[in-house]
Amino acid sequence: MEYLLVAKIFKTVGLKGVVKVSSNTFFQKERFSKGSILYAKKEKEYMPLKIAKSYTDNRFYFLTFEKFETLESAQSLIGLDLFAEKNYKLLKEGEFYFSDLEKMEVFDEQNNLLGKVKKVEEFPAQITLRITSKSGKDFFVPFLEEFIKHVDLKNKKITVKLIEGMYEN
């Protein structure tokens with residue numbers, strides 16, 4: 001089973017086991033709805049947590065998990081990352097998870113190999129690919145259609161358009 005990081009628990013709220021989480025997913029309604037299962041990672045094991053209650057203030061989600069409905073039990077969850085199972089049924093045709101892009105080879109429009117995707121980073125202004133070049137240096141390509149020309153998941157290949165100064169060999 002493959003898991004995706006979707007949130008981090010950073011504090012409790014009130015006395016009834018409510019935890020405040022910062023979201024890291026585009027599928028918030030699906031991931032944080034009542035009855036959904038998330039997984040808290042403790043060391044190397046994933047502990048399933050079923051959402052008993054959920055609400056949002058449009059910036060954060062506030063969750064109560066079954067069997068963690070007291071302040072004391074919920075405090076044991078503070079600082080844990082929450083994961084969801086990777087579910088391709090949530091995606092529309094042509095969509096993919098950012099984790100699917102990691103380690104893909106990146107080529108320019110002339111089919112020259114530039115490097116491999118090291119990580120997909122989400123900055124406030126935009127999503128960016130961190131690519132490690134053949135020489136070992138990292139460079140960034142904004143994940144915008146002006147720069148990302150084609151993503152071929154089957155062949156693990158991304159074609160990008162570069163502008164001056166974006167890449168040096």
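I began with the charges: the chain has 29 positive and 25 negative ones, and their mean positions lie 4 Å apart. A reminder to myself that I am reading a predicted model here.

Next I looked up the overall dimensions. Along the principal axes, the C-alpha atoms take up a box of roughly 60 × 30 × 30 Å.

Then I turned to the surface. I found about 10800 Å² exposed by the chain, with 49% of that area supplied by carbon and sulfur atoms. For burial, I noted that 38% of the 169 residues count as buried.

I also checked how far contacts reach along the sequence. Taking contacts between residues at least 6 apart, I see that 47% join residues at least 24 apart.

On to secondary structure. I list two helices and 12 strands. Reading from the N terminus, I get the order β-β-α-β-β-β-α-β-β-β-β-β-β-β.

How are the six strands of the open sheet ordered? I traced them as S10-S9-S8-S7-S12-S11, and the pairing is mixed. At the edges I have strand S10 (138-142) and strand S11 (148-152), each of which pairs on one side only. From one strand to the next, the twist averages 35°.

Last, I zoomed in on one of the edges. Strand S11 runs antiparallel to strand S12 (residues 157-160), and I note four bridges joining the two. Which residue in S12 is the bridge partner of Ile148? I found Val160 there.

Key. Residues are numbered from 1 along each chain as its sequence is written. This is a predicted model: local features need pLDDT of at least 70, side-chain atom pairs count only at pLDDT 80 or more; totals for chains, interfaces and linings use all residues. Side-chain values use heavy atoms; hydrogens and water are left out. Buried means under 20% relative accessible area, exposed over 50%, partly exposed in between (1.4 Å probe, protein chains only). Contact means heavy atoms within 4.5 Å. Accessible areas come from the Shrake-Rupley method with a 1.4 Å probe; for residues, only the protein chains shown count as cover. Lys and Arg count as positive and Asp and Glu as negative; His and the chain ends are not counted. The place of a charge is taken as NZ of Lys, CZ of Arg, CG of Asp or CD of Glu. Two strands pair if DSSP finds at least two bridges between them. Axes are lines fitted to C-alpha atoms, for helices over the stretch in contact, and angles run from 0 to 180 degrees between N-to-C directions.
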